Amino acid sequence: MEREKDQILYLVIPCYNEQEVLPETSKRLLEKMTSLIDRGMISRESKIMFVNDGSKDRTWEMIEKLHDSNPIYLGVKLSRNRGHQNALLGGLMTAKEYADMVISMDADLQDDIDVVDQFVEKYYEGCEIVYGVRSARDTDTFFKKYTAEGFYKIINMMGGEVIPNHADYRLMSRRALEELENYKEVNLFLRGIVPMIGFKTDVVTYERHKRFAGESKYPLKKMLALAVDGITSLSIKPIRFIVFLGMLIFVCSIAMLIYSLVQHFLGNTSIGWTSLIVSIWAIGGLQLLAIGVIGEYIGKIYLETKERPKYIIERVLR
């Protein structure tokens with residue numbers, strides 16, 4: 001079912017130490033919103049909402065100045081740094097109260113702003129969720145390209161439902177956001193949670209640009225942490241794999257016992273130490289790995305049971 005046009009759009013942009021890129025980002029987003037409003041595609045009540053995730057530079061000060069200069073700019077200030085996913089969720093839940101549709105994107109101008117028109121058109125065609133998907137990874141290094149593609153394959157293999165080459169550039173309707181609010185887990189991986197919502201969805205492809213200025217907020221360490229969070233938040237297959245591996249090693253140990261007995265009765269009792277040492281190290285490593293995986297899940301259960309808030313909003317500029 002197609003929707004009537006002239007509905008309220010909010011752009012939600014999480015920011016962490018983005019003082020170098022924020023002036024250009026705000027300028028380009030204003031141009032895009034003005035164009036959409038002038039063409040009657042969105043309401044004049046539409047806004048650009050920056051979410052300050054505990055930045056240590058002048059990011060919040062700049063957001064305040066933007067808000068004073070033009071009421072189209074809104075600001076949400078978290079009480080402290082809570083990470084990209086929590087900051088994004090805080091912005092989405094705040095925007096949900098005022099917007100008919102919300103588009104989330106990063107502040108670094110790597111997401112192609114020009115395809116916002118296509119997001120909005122898909123929404124008016126009846127889509128509740130529209131995913132921004134990269135058409136190519138030509139700007140990535142060899143390492144990042146193949147590790148990212150491997151990550152999506154592993155997630156899907158583990159039972160998680162994610163959209164390949166999609167980060168957090170997406171449109172969600174108010175209805176979809178209301179359903180997202182029902183997901184209470186503390187360990188957030190929105191790329192895996194949003195597809196669980198269902199409803200009518202579609203995809204918009206775009207070319208991802210190089211970062212306009214500043215440094216990436218997702219170095220290798222954070223990317224690995226996000227990957228672990230994604231796998232353990234969406235699937236219990238790693239634990240099941242340990243069970244399977246344990247059974248396999250038990251079968252191998254029975255086979256080795258039979259082999260040792262046969263060698264004993266044949267009189268071949270002079271057996272080297274190599275196989276023994278390798279077995280000890282292999283079993284020891286496997287046990288530590290198993291304890292680590294189980295510990296990861298127990299740690300997540302521990303955090304979930306505390307029911308701590310995912311974010312605390314200190315101030316909202318409206």
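## Report on the predicted model

The accessible surface of the protein comes to about 17,400 Å², and 59% of that area belongs to carbon and sulfur atoms. The structure described here is a predicted model, and every value below was computed from its atoms. Of the 318 residues of the protein, 43% count as buried. When contacts with a sequence separation of 6 or more are taken together, residues 24 or more positions apart account for 84% of them. The secondary structure comes to ten helices and eight strands.

### The sheet

The eight strands form an open sheet with mixed pairing, and their order across the sheet is 7-5-6-4-1-2-3-8. The edges are taken by strand 7 (201-206) and strand 8 (313-317), and because each of these has a single partner strand, one side of each is left without a neighbour in the sheet. From one strand to the next, the twist averages 20°.

At one of these edges, strand 7 runs parallel to strand 5 (residues 129-134), and six bridges join the two strands. Within this pairing, Y131 has V203 in strand 7 as its bridge partner.

### Helices across the sheet

Helix 2 (residues 59-69) lies across strand 1 (9-15), strand 2 (47-52), strand 3 (73-78) and strand 8, and its direction is at about 150° to that of strand 3. Helix 4 (residues 116-124) lies across strand 1, strand 4 (101-104), strand 5, strand 6 (166-173) and strand 7, and it runs at about 40° to strand 6. Strand 1 is thus listed under helix 2 and again under helix 4.

### A covered helix

Helix 3 (residues 84-95) has twelve residues, and from its first C-alpha to its last it reaches 16 Å, close to the 16 Å expected at 1.5 Å a residue. How many of the residues of helix 3 are buried? Twelve of its twelve residues are, so that the helix is mostly covered. The buried residues include H84, Q85 and N86 at the start of the numbering, as well as L88, L89, L92 and M93 further along. Two glycines, G90 and G91, are also among them. In an α-helix, residues three or four places apart point the same way, because there are 3.6 residues a turn.

### Aromatic pairs

The count of aromatic pairs in the model comes to five, and two of them are described here. F50 and Y73 form a stacked pair, with 6.2 Å from centre to centre and 25° between the planes. This pair links distant parts of the chain, since F50 belongs to strand 2 and Y73 to strand 3, 23 residues apart. F50 is buried, with a relative accessible area of 0%, and Y73 is buried as well, with a relative accessible area of 4%.

F119 and Y169 form a tilted pair, with 4.9 Å from centre to centre and 55° between the planes. Here too the pair links distant parts of the chain, with F119 in helix 4 and Y169 in strand 6, 50 residues apart. F119 counts as buried at 0% relative accessibility, and Y169 is buried with a relative accessible area of 0%. F119, Y169 and Y206 form one aromatic cluster.

| Pair | Arrangement | Centre to centre | Between the planes |
|---|---|---|---|
| F50 and Y73 | stacked | 6.2 Å | 25° |
| F119 and Y169 | tilted | 4.9 Å | 55° |

### Two residues with positive phi

Most residues other than glycine have a negative phi. N17 has a phi near 55°, a positive value in a residue other than glycine, and it is found in the loop between strand 1 and helix 1 (22-38). Is N17 buried or partly exposed? With a relative accessible area of 24%, N17 is partly exposed, because the cut-off for a buried residue is under 20%.

L109 has a phi near 65°, which is again a positive value in a residue other than glycine, and its place is in the loop between strand 4 and helix 4. L109 is buried, with a relative accessible area of 6%. In space, L109 lies 9.0 Å from R28, C-alpha to C-alpha, although the two are 81 residues apart in sequence. R28 has its place in helix 1, and with a relative accessible area of 33% it is partly exposed.

Terms used. Residues are numbered from 1 along each chain as its sequence is written. This is a predicted model: local features need pLDDT of at least 70, side-chain atom pairs count only at pLDDT 80 or more; totals for chains, interfaces and linings use all residues. Side-chain values use heavy atoms; hydrogens and water are left out. Two strands pair if DSSP finds at least two bridges between them. Helices (H or I, at least four residues) and strands (E, at least two) are DSSP runs, numbered from the N terminus. Axes are lines fitted to C-alpha atoms, for helices over the stretch in contact, and angles run from 0 to 180 degrees between N-to-C directions. Contact means heavy atoms within 4.5 Å. Buried means under 20% relative accessible area, exposed over 50%, partly exposed in between (1.4 Å probe, protein chains only). Accessible areas come from the Shrake-Rupley method with a 1.4 Å probe; for residues, only the protein chains shown count as cover. The expected span of a helix is 1.5 Å times one less than its number of residues. Rings of Phe, Tyr and Trp (its six-membered ring) pair if their centres lie within 6.5 Å; planes under 30 degrees apart count as stacked, over 60 as edge-to-face and the rest as tilted.
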